[in-house]
Structure formats: structure tokens, C-alpha cells
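Here are a few notes to help you find your way around this structure. Have a look at it first, and then we can go through it point by point.

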Amino acid sequence: MKTLTLDLSGIYATVPAEAVEAWREKSDQYQHQLHTATGLGNDFLGWINLPNEISDADCSAIEEAACDLQQRCDYVVSIGIGGSYLGARAVIEALTPSFEAYRREHSAPQVIFAGHNIGEDYLSELVDFLQDKRFGLINISKSGTTTEPAIAFRILKALLEKQVGREEARERIIAVTDKARGALRTLADKEGYKTFIIPDDIGGRFSVLTPVGLLPIAVAGFDIRELVRGAREMKALVDESVPFDQNPAALYAAARNSLYHVGKKIEILGNFHPRLHYIGEWWKQLYGESEGKDHKGIFNAAVDFSADLHSMGQWIQEGERNIFETIISIAEPNSELRIEQDEANLDGLNYLAGKRVDEVNKMAELGVRVAHIDGGVPNIRIVLPRLDAYYIGQLFYFFEKAVGISGYMLEVNPFNQPGVEAYKKNMFALLEKPGFEEETRAIKSRLQ
Ligand code: PA5
């Protein structure tokens, strides 16, 4: 059985293997806390057993709803932000052929994302685009009260109702939200929308394997069962019963924390395949929101190589030595393309003739690894055998389990996000939202 593998050999010039090994006892203890729900944030651990709990009936219900939307729509707008957005986008971008959007014919509806920004141009261009299209909406919000998706939904719902009438609009709208609370739940119940529930004990950034992620992914035509199967396999491979030195999630957590303790405060997640860009965005949320608190935590950034080697590459090689990198490597690409011999050889590339493009990419990856390690940037490698739904499922669960252990190693609660409320309070005060009168007065007097 092929699986994701972890290679820590590129960090040992900075932290010895013994430093990683020194986390063994604590790692075992933190794993146990996660599995017995006895650590910080223990009411948000529903993601741990989730891969084993998703039933055949759960998948079928999602697939049926997706199939209905597929038949009614050519475009489906998935509305959500943060954890209610990034997982679906990461999978859809990773599995969609790069130029699919430019094709005239599509085998499944195109999934478009909205509600993750408040750009007036973005929303108004989306409204213009959808004017004459057959479209539907998936509105995703756990709290059901988040402003960005609520604005997008109000605008797009009005457009859809104007276009097809209220009755057909109802058939083309699905809400994914809390079972009982929030404005979206009230609205969905009142309008009679089909709904899927986000479990209480699963936070946004851990929700990709709930209908939050699975519904848009199924609508886009991808195999959610393979994604879940991959997560299930990984769950066994990083279980509490797997010894520390064979457990990739525990080792990744220990490596990150060892590096953090010697001043490596920034982790960049790099890839050599453009389709992985949004995996990096999803990872940034998972790690940034889980660990950045109590004035602690590794700062997460993501880079797309080799493009960013020609920009941030300079900083990574010779800037301040407070970073380490984690590279997601794909062992075997899905296609095969060779560089041809050219008689004139004006570009001087004949020395590469006959080689696969991936061989060049792999040598870029290796060259970067050696250069960065030489330059004082420790390198962690995560290798996926292929880029498909099954291995993305493995990758998701690996990162989720590792961040739980890693957050406990940092001695923070990895499952809350109190810091994201601060901007909302100010925004509501500035917009004079009812109930925020005191805050409005306070912020306005500060800004005078
Ligand atoms: O991880 C989180 O909890 C947040 O980033 C949320 O996902 C994000 O704020 C969206 O929240 P909601 O789903 O309640 O609209």
C-alpha cells in the first residue's frame, strides 16, 4: 500500500534527531489527550474519528444532492469563508485540470467561490457573469452569521430568484450550517432549502470532510469516497497506537516544535505543482488559526515553486535565518510529457532532450533543497505518491492530526480562534450595526 511519507533528514543540520526524539513522551501524552478528549479545546475533537464515522448513507445523501444541482445548473457558487471555503477550494483546484475553465464543454458544473471577500468589483462581476447562466448556490456557514458570505448570499439569492422564480430558486439553493442555531438556519428553514449539518464538535478549519467540503467537491464531479478513504487510511497510520518514531504526524509536530525552539519561527509550505496552491491556503488557515495565540506560534506562509524561486527565492536563500520549509512533493505526475530534440538548438536545451518535464522539476526540487539546507533553511519533505483524491484525503488527515499534537506541544488551545473576533467587532462598530452602539461611540472617538 502506497502512502504519504515524511522525510526529516533535511532538518538535522539545524536540530539533531535526538531533539526530535526528545518529544516522544510529550507527543504520546498529547496524542492520548486528543484521543480521550482530556486536553485543551476538547469539545472540538469531532474531526478525530470523522473519517471512520462517515457512512455510505452520508456519502450517498451528498452525492444525490450534488447530482440534482448538477442537472439543474452549469455553474454552482459555493459561498463561504475560512474553514467554510478553503477545503473545498483546495481539493477542487488540486484535482481540476489546469485549463478546464477555458473549455466550452464541461462534464460537471463549474464551481465558483464567493463570500470569501467583500470586494464590490468581485461580486458585481460575478452578478454580471451569472445574469444569463443556469446557476445554483451552496451557502456554507457554521455560525450562520458571518458577514462576508451573508452579503454574497443576499445578492446572489436575489439574482437567482429574479432569474428563475422563487420556487425553482429554492431547488437550486442548499444550505450547510448548524443544526439549530444562526441566521442561515432560520432562513433555510423558512425558505425550505435542502440543508446539511455541520457537527457542533468540528471547527471550520477541520470541516473539509463534512458536507462543508464534500458537497462542493461532489458537485464539481470528484470522488468524495476516495477522499474519505484516504483520510481513513491516514487515521490508522497516525493513530495513538503507532509508535512515535513511525508516526508521521507526531514526527512532523515534533520537528516543527524543535525548529521553533531554536528560533525558526516561520514555516513556508512549498510546492512544485501549480494545482497545489490552494492546499497551501488551506494549510495556512489550519496551522495559523490553530497555533497563533497567546503571543506564540510559528508564522505560516506558502510559496509556489518554481515561480516564487524567482521572487521570494532570494529571501529564502539569504534573508533572515528564522525560517524552515516544508515541501509537498508529488512522486509521479498524472501525465507524461518529454522535451523534444531541436535541430537548431538555439535555446541550448538539447541536453534535456528525451527527458520528462517532471525530471527537470524534480532536479529543481532537489537543487532547491540542497541550496536551502546549505543556506541555513531546514527542509521537511512530505511526499505524495500521486495527486488524486485518495492521497489528498491522506494529506488532510495527516496535517489535522499533526496540528492537534503540535498545538499541545506549544501549550496553546489549537481548536479555538478568539483572535478572529477583533476585526469583526470593529467592522460592526464602524458600520453601526444594531447592538454595537457603545463600540461605535468608542471607535469613532478614537479615530477622530
Ligand atoms: O476556522 C474557523 O472557525 C473560521 O475560519 C471559520 O471557518 C470562518 O470564520 C467562517 O465561519 P462560519 O462558517 O461560521 O461562517
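1. A word on terms before we start: two strands pair if DSSP finds at least two bridges between them. Please also keep in mind that this is a predicted model.

2. With that in hand, look at strand E2 (residues 75-79), which is joined to E3 by five bridges, the two running parallel. One example is Val76, whose bridge partner in E3 is Val111.

3. How are the five strands ordered in the open sheet? The order is E3-E2-E4-E5-E6, with parallel pairing. Strand E3 (110-114) and strand E6 (194-197) are the edges, each pairing on one side only. On average, neighbouring strands are turned by 20° against each other, direction ignored.

4. Now for the helices on this sheet. Helix H7 (residues 147-171) lies across E2, E3, strand E4 (135-141) and strand E5 (173-177), and runs at about 140° to E4. Helix H9 (residues 211-219) packs on the sheet too, touching E2, E3, E4, E5 and E6, and its direction makes about 165° with that of E4.

5. The largest nonpolar core has 96 residues; Leu215, Ile279, Trp282, Ile392, Phe396 and Phe399 touch the most other members. Helix H15 (residues 389-409) gives the most to this core, with 14 residues. Because domain 1 (5-39 + 228-416) and domain 2 (50-222) both contribute residues, the core lies between them.

6. Trp282 is worth a closer look: leaving out residues up to four places away in sequence, its contacts include Leu86, Ala90, Val208, Phe396 and Phe399. Finally, there is a second, separate core of 22 residues, with Val77, Phe153, Leu160 and Ala175 among them.

How values were computed. Residues are numbered from 1 along each chain as its sequence is written. This is a predicted model: local features need pLDDT of at least 70, side-chain atom pairs count only at pLDDT 80 or more; totals for chains, interfaces and linings use all residues. Side-chain values use heavy atoms; hydrogens and water are left out. A nonpolar core is a set of buried Ala, Val, Leu, Ile, Met, Phe, Trp, Tyr and Cys residues joined through side-chain atoms within 4.5 Å. Buried means under 20% relative accessible area, exposed over 50%, partly exposed in between (1.4 Å probe, protein chains only). Helices (H or I, at least four residues) and strands (E, at least two) are DSSP runs, numbered from the N terminus. Domain bounds come from an automatic or database domain assignment. Contact means heavy atoms within 4.5 Å. Axes are lines fitted to C-alpha atoms, for helices over the stretch in contact, and angles run from 0 to 180 degrees between N-to-C directions.
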